[in-house]
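Work through these exercises with the sequence and the 3D view side by side. Try each task before you read its solution.

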Amino acid sequence: MNFENIEKELKSLFGEDIREIFVNFDNLTVVIKKEKTYDIVKFLKENFEFNFLMDLFGIDFLNYPSRKYKERFEVVYNLYSLKNNLRIIIKAPVDENNPFINSIVSLYDSANWYEREVYDMYGIVFENHPDLRRILMYDEFVGYPLRKDYPLKKRQPRISYREIDNGNN
């Protein structure tokens, strides 16, 4: 199994949904249209045994002058095939005016908290996620703290200990 086979199959099946493919540091990187994220990740898992989701994270490219794509955000999936000892990186650019992408929790259970973290920090919504809610910030927190335009000195609503504890003391 090698990257040439994977690249050929992806181009054959998903042609126009593949924006770019390249090898970087011995990893195959595939930039895709966000609408096909679920289908492409499922294809890689079922056909090339990428059975381990190593990481999933978001990136904010606000004011990044040399960026190739017009979309502000990117969701990055780092997949690994234990059997074939191959790693593939899937990048899905996401527009700030339509920050939605399909969830892959039904493919990888570990995607659950990763997707919640990206939602909580960047405001990217994972459609069909079974429990999409904040994971790091409290519910009353306003905004998304890892966005590059988040005000550094923004004051947040305070919550009391009793509100957190639900008065069970």
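The exercises below go from the sheet to its helices, the core and a few single residues.

This is a predicted model, in which local features need pLDDT of at least 70 and side-chain atom pairs count only at pLDDT 80 or more, while totals for chains, interfaces and linings use all residues. Residues are numbered from 1 along each chain as its sequence is written, and side-chain values use heavy atoms, with hydrogens and water left out.

**Exercise 1. The sheet**

Task: Find the order of the strands in the open sheet, and name the edge strands.

Solution:
- Step 1. Fix the terms. Helices (H or I, at least four residues) and strands (E, at least two) are DSSP runs, numbered from the N terminus. Two strands pair if DSSP finds at least two bridges between them.
- Step 2. Read the order. The open sheet has 5 strands, arranged E1-E2-E5-E4-E3, and its pairing is mixed.
- Step 3. Look for strands that pair on one side only. These are the edge strands, E1 and E3.
- Step 4. Add the twist. From one strand to the next, it averages 15°. Such angles run from 0 to 180 degrees between N-to-C directions, with axes as lines fitted to C-alpha atoms, for helices over the stretch in contact.

**Exercise 2. Pairing, strand by strand**

Task: State how E1 and E2, E2 and E5, and E3 and E4 run: parallel or antiparallel?

Solution:
- Step 1. Recall the background. Strands of a sheet pair through backbone hydrogen bonds, in a parallel or an antiparallel way.
- Step 2. Take E1 and E2. They run antiparallel, joined by 6 bridges. Ile21 has Val30 of E2 as its bridge partner. Ile18 stands opposite Ile32 in E2.
- Step 3. Take E2 and E5. They are parallel, with 4 bridges. Val31 has Lys91 of E5 as its bridge partner.
- Step 4. Take E3 and E4. They run antiparallel, with 8 bridges. Here Phe57 faces Val76 in E4.

**Exercise 3. Helices on the sheet, and a covered strand**

Task: Which strands do H2 and H3 touch or lie across, and how many residues of E2 are buried?

Solution:
- Step 1. Place H2. It lies across E1, E2, E4 and E5, at about 10° to E4.
- Step 2. Place H3. It packs on the sheet and touches E3 and E4, and its direction makes about 5° with that of E3.
- Step 3. Check E2. Buried means under 20% relative accessible area, exposed over 50%, and partly exposed in between (1.4 Å probe, protein chains only). In E2, 6 of its 6 residues are buried.
- Step 4. Split E2 by face. Asn27, Thr29 and Val31 are buried on one side, and Leu28, Val30 and Ile32 on the other. In a regular strand, side chains alternate between the two faces of the sheet.

**Exercise 4. The core**

Task: Which residues touch the most other members of the largest nonpolar core?

Solution:
- Step 1. Define it. A nonpolar core is a set of buried Ala, Val, Leu, Ile, Met, Phe, Trp, Tyr and Cys residues joined through side-chain atoms within 4.5 Å.
- Step 2. Name the residues. The largest core has 37 residues, and Ile6 and Leu44 touch the most other members.
- Step 3. List the suppliers. Elements giving at least two residues each include H1 (3–14), H2 (37–48) and E5 (86–94).
- Step 4. Look around Leu44. Contact means heavy atoms within 4.5 Å. Beyond four places in sequence, the contacts of Leu44 include Ile6, Leu10, Leu79 and Ile88.

**Exercise 5. Single residues**

Task: Is Arg116 buried or exposed, and why does Phe25 count as exposed?

Solution:
- Step 1. Locate Arg116. It is in helix H3 (residues 111–122).
- Step 2. Check its charge partner. Lys and Arg count as positive and Asp and Glu as negative; His and the chain ends are not counted. A salt bridge is a side-chain nitrogen of Lys or Arg within 4 Å of a carboxyl oxygen of Asp or Glu. Arg116 is buried but has no salt bridge; Asp131, the nearest side chain of opposite charge, is 4.0 Å away.
- Step 3. Turn to Phe25, in the loop between E1 and E2. Phe25 counts as exposed because its relative accessibility is 74%. Phe25 is not a glycine, yet its phi is positive, about 55°. Most residues other than glycine have a negative phi.
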